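I opened this model to look up its enclosed space, its cysteines and a few residues inside the fold. My entries follow in the order in which I made them.

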Amino acid sequence: MHQNSRDAELAARVSHADLDNPNIARMYDYLLGGSANFAIDRETAERALEFAPTERDYCYINRGFLGRTVRFLTTEVGIDQFIDLGSGVPTVGNVHEIAHAHNPEARVAYVDWEAVACHHARHLLGGDERVTVTEADVCDPDSVLNAPGVAGLLDFSRPVAVLAFGILDIIPSPDGASLVAHYRDACVPGSALAVSNNAQLSRTDEEIAELRALLAETSTPQMHIRNADEVAALFPGYTLVEPGVVPAAYWRPDQPVDDAAARRGNVLGAVGFLDPKPTA
């Protein structure tokens with residue numbers, strides 16, 4: 001299908017999609033080779049690649065880290081409940097696909113505020129009762145946690161894995177730890193938190209300045225670059241699992257990792273487990 005025709009069909013199916021501004025979830029989808037994006041997203045993503053050609057590396061390395069994390073939590077830890085904050089547009093290797101490959105009873109609650117992302121997720125899922133899609137702002141944790149697709153699916157009296165991949169670096173507030181704390185407090189000890197965050201591993205100061213200027217044109221105009229200590233600070237109340245905060249390509253890799261390739265990802269990752277609450 002011609003891209004213009006595809007765009008028109010997609011817009012007709014998602015009547016409240018924002019077509020006037022590029023969207024980072026749809027740009028991410030485009031860079032991963034997906035089809036849930038519009039001309040304005042493709043054009044903006046291509047502009048980003050002109051001055052920051054490692055942006056596609058970021059997308060693939062971030063996605064690979066997500067897959068390894070879900071597999072680890074499902075197979076080695078036994079967690080069978082996931083809430084994916086800022087889940088974005090569904091692509092190959094979704095959380096529920098990975099989890100269900102190892103535990104068919106796993107439950108996954110996807111949460112995103114972007115209409116196209118939610119539409120595609122619902123289309124992909126069909127009538128799967130083990131998975132829900134909630135269109136909501138992750139910065140409003142009370143609304144998210146009380147939404148039928150979350151509260152009606154996940155049992156917070158048992159461990160839940162909170163996934164925050166590429167979301168804490170684009171929320172309006174730079175204080176991601178406060179937002180994390182709201183979700184942490186809804187979880188029981190033994191629950192998990194997994195985070196990926198934009199970093200400056202190979203990017204130049206000029207590339208970051210240009211990326212920030214470009215993001216200012218999108219619906220998520222912030223980019224909170226964090227170093228390893230700042231990512232670790234997002235985990236109060238959690239104990240990080242080995243190897244701690246690392247370039248995401250180095251988090252429990254499936255195959256040998258080239259250092260230059262890991263740096264091109266410009267993304268840090270970490271996973272932690274919620275500690276027992278202190279007794280009085």
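**Cavities**

I began with enclosed space and counted three cavities of 30 Å³ or more. For this I took a cavity to be a set of points, on a 1 Å grid over the protein atoms alone, where a 1.4 Å probe fits but cannot get out, with lining residues having an atom within 4 Å of a point; grid points are joined across faces, edges and corners, and a volume is the space filled by probe spheres set on the points. I note that this is a predicted model, in which local features need pLDDT of at least 70 and side-chain atom pairs count only at pLDDT 80 or more, while totals for chains, interfaces and linings use all residues. Residues are numbered from 1 along each chain as its sequence is written, and side-chain values use heavy atoms, with hydrogens and water left out.

The largest cavity holds about 560 Å³ of space. It is lined by 33 residues, of which I24, A25, Y28, Y58 and G166 are the closest to its centre. The elements that give two or more residues to this lining are α2 (24-31), α4 (55-77) and α10 (205-215), and α4 gives the most, with six residues. Helices here are DSSP runs of H or I with at least four residues, and strands are runs of E with at least two, numbered from the N terminus. By class I found 18 nonpolar, eight polar and seven charged residues in the lining of the largest cavity, where Ala, Val, Leu, Ile, Met, Phe, Trp, Tyr, Cys and Pro count as nonpolar, Asp, Glu, Lys and Arg as charged, and the others, Gly among them, as polar.

**Cysteines**

I searched the whole structure for disulfides (cysteine sulfur atoms within 2.5 Å) and found zero. Why is C59 without a bond? Its sulfur is 19 Å from the closest cysteine sulfur, in C118, which is too far. C139 is in no disulfide either, since the nearest cysteine sulfur, again that of C118, is 15 Å away. C59 is buried at 2% relative accessible area, whereas C139 is partly exposed at 33%; buried means under 20%, exposed over 50% and partly exposed in between, with a 1.4 Å probe and protein chains only.

**Helix α6**

In helix α6 (residues 115-125), I listed A115, V116, A117, C118, H120, A121 and L125 as buried. At the start of α6, a side-chain oxygen of E114 reaches to within 2.9 Å of the backbone nitrogen of V116. After α6 comes G126, with a positive phi near 65°.

**N197 and W251**

N197 is found in strand β5 (residues 192-198) and is buried, at 0% relative accessible area. Its side chain is joined to that of R226 by a polar contact of 2.7 Å, meaning N or O atoms within 3.5 Å, where within protein one must be able to donate a hydrogen and the other to accept it, and residues adjacent in sequence count only if both atoms are side-chain atoms. Leaving aside neighbours within four places in sequence, N197 is in contact (heavy atoms within 4.5 Å) with residues including L168, H224 and N266.

W251 lies in the loop between β7 (246-247) and α12 (259-265), and at 0% relative accessibility it too counts as buried. Not counting residues up to four places away in sequence, W251 touches F65, R68, T69 and F72, among others.

Conventions:
1 Å grid on protein atoms, 1.4 Å probe; cavity = no way out; pocket = protein on both sides within 12 Å on 5 of 7 lines; lining within 4 Å.
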